[in-house]
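Biologist: Please pick one part of this model and take me through it closely, with the cut-offs you use along the way.

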Amino acid sequence: MGAAGSSALARLGLPALPGPRWLGVAALGLAAVALGAVAWRRARPGRRRRLQQVGTVSELWIYPIKSCKGVSVDAAECTALGLRSGHLRDRFWLVIKEDGHMVTGRQEPQLVLVSINYEDDCLILRAPGMDQLVLPTKLLSSNKLHDCRVFGLDIQGRDCGDEAAQWFTSFLKTDAFRLVQFEKNMKARASNEIFPSLDKNYQVAYPDCSPVMILSEASLADLNTRMEKKVKINNFRPNIVVTGCSAFEEDTWDELLIGNVEMKKILACPRCIMTTVDPDTGVIDRKEPLETLKSYRLCDPSERKLYGKSPLFGQYFVLENPGTIHVGDPVYLLGQE
């Protein structure tokens with residue numbers, strides 16, 4: 001059983017259980033069902049919360065390069081800027097045009113065909129018809145700094161070198177491209193710039209909106225009952241996939257505890273044509289599953305100023321504290337006692 005599971009058991013006042021982590025998680029889940037909503041006290045004195053298990057983490061995903069394939073991991077460190085596994089950071093790399101404007105699967109859908117492995121502190125990039133590219137995660141400080149534009153906001157990135165630039169340029173064949181990397185000492189994009197109408201305070205590097213996105217298996221299954229051609233979880237690129245809950249139950253989750261990490265919901269995830277890029281072929285459909293989602297997942301009219309006509313699918317969260325989460329961790333809803 002993982003350290004996160006053991007610490008969760010300790011918070012419930014239960015002894016740590018021997019055996020594989022999945023068995024321990026299963027036992028923990030049974031204990032949670034038996035106890036119902038239980039009280040949990042944080043390190044801060046005087047604060048007491050109720051815990052109710054609402055699901056279990058079934059998948060964890062890190063997407064190192066924006067719009068490229070994700071990397072499935074068994075455990076991830078949760079940081080203020082998103083999920084991390086060693087030097088593998090979520091959306092810390094970005095393809096840009098030479099003028100600094102971001103390039104994503106919306107403009108270059110074949111980016112979704114670029115797969116990434118992580119070996120010896122290097123990203124190993126592969127794509128159809130291309131030799132692999134070995135990309136060090138630690139760049140020379142002498143590499144050029146680019147002023148980039150991500151959804152109209154300024155942010156910097158350090159150039160990953162001519163070899164990486166030529167690799168993406170040769171693969172996409174539509175323009176001259178560069179690859180840049182975000183560094184933790186750089187100024188990230190602030191939430192009040194991304195969503196001026198929201199009273200939130202957090203930062204992100206190259207993700208669209210927030211450090212973490214959560215989606216349930218049940219919501220995907222519900223969507224697929226309405227689709228002629230089924231879609232995959234990869235169409236939606238969540239960081240945390242949850243099983244064991246009902247469809248769209250994640251819409252109701254305001255504060256969560258996973259492992260030793262508290263998360264607070266920011267807003268729902270408004271969907272765009274990126275969801276219509278087939279993750280297996282790199283072909284953009286521009287219609288499905290977006291049109292089906294629009295038929296039943298539009299926002300309440302009172303929220304139209306925030307979401308417009310975009311359908312909502314998945315939820316964005318921000319971290320309240322750093323920590324580690326694992327596949328198999330229970331997902332607890334935090335409530336007031």
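Modeller: Let's start at D208, which is partly exposed with a relative accessible area of 22%; here buried means under 20% relative accessible area, exposed over 50%, and partly exposed in between, using a 1.4 Å probe and protein chains only. Bear in mind that this is a predicted model, where local features need pLDDT of at least 70 and side-chain atom pairs count only at pLDDT 80 or more, while totals for chains, interfaces and linings use all residues. Residues are numbered from 1 along each chain as its sequence is written, and side-chain values use heavy atoms, leaving out hydrogens and water.

The side chain of D208 meets that of K66 in a salt bridge, at 2.5 Å from N to O. The rule asks for a side-chain nitrogen of Lys or Arg within 4 Å of a carboxyl oxygen of Asp or Glu. K66 sits in the loop between β2 (48–62) and β3 (71–73), and D208 in the loop between β16 (203–204) and β17, so the pair ties together parts that are 142 residues apart in sequence. Strands here are DSSP runs of E of at least two residues, numbered from the N terminus. K66 itself is buried, at 3% relative accessibility. R106 joins in as well: K66, R106 and D208 are linked in a network of salt bridges.

D208 also brings us to the largest cavity, since D208 is among the residues nearest its centre, together with R91, R237, R271 and Y316. A cavity, for this purpose, is a set of points on a 1 Å grid over the protein atoms alone where a 1.4 Å probe fits but cannot get out, and its lining residues have an atom within 4 Å of a point. The structure holds one cavity of 30 Å³ or more. The volume of the largest cavity is about 290 Å³, counted as the space filled by probe spheres set on the points, with grid points joined across faces, edges and corners.

What makes up the wall? There are 24 lining residues, and they divide into eleven nonpolar, six polar and seven charged. Nonpolar covers Ala, Val, Leu, Ile, Met, Phe, Trp, Tyr, Cys and Pro, charged covers Asp, Glu, Lys and Arg, and the others, Gly among them, are polar. Two strands, β17 (212–216) and β20 (261–270), each supply at least two residues of this lining.

R91, another of the residues nearest the cavity centre, has a salt bridge of its own: its partner is D90, with the closest N and O atoms 2.9 Å apart. Both ends are buried, R91 at 10% relative accessibility and D90 at 1%. By the salt-bridge rule the count comes to 15. One of them joins D222 and R226 at 3.0 Å from N to O, and R226 is partly exposed at 42% relative accessibility.

To round off, go back to the K66 side and look at V112, in the loop between β8 (102–103) and β9 (115–119). V112 is buried at 6% relative accessibility. Not counting residues up to four places away in sequence, V112 touches S67, C68, K69, M274, V277, D278, P279 and G282, where a contact means heavy atoms within 4.5 Å. The C-alpha atoms of V112 and P279 are separated by 5.7 Å, although the two are 167 residues apart along the chain.

Notes: On a 1 Å grid over the protein atoms alone, a cavity is a set of points where a 1.4 Å probe fits but cannot get out, and a pocket is an open set with protein on both sides within 12 Å along at least five of seven lines; lining residues have an atom within 4 Å of a point. Helices (H or I, at least four residues) and strands (E, at least two) are DSSP runs, numbered from the N terminus.
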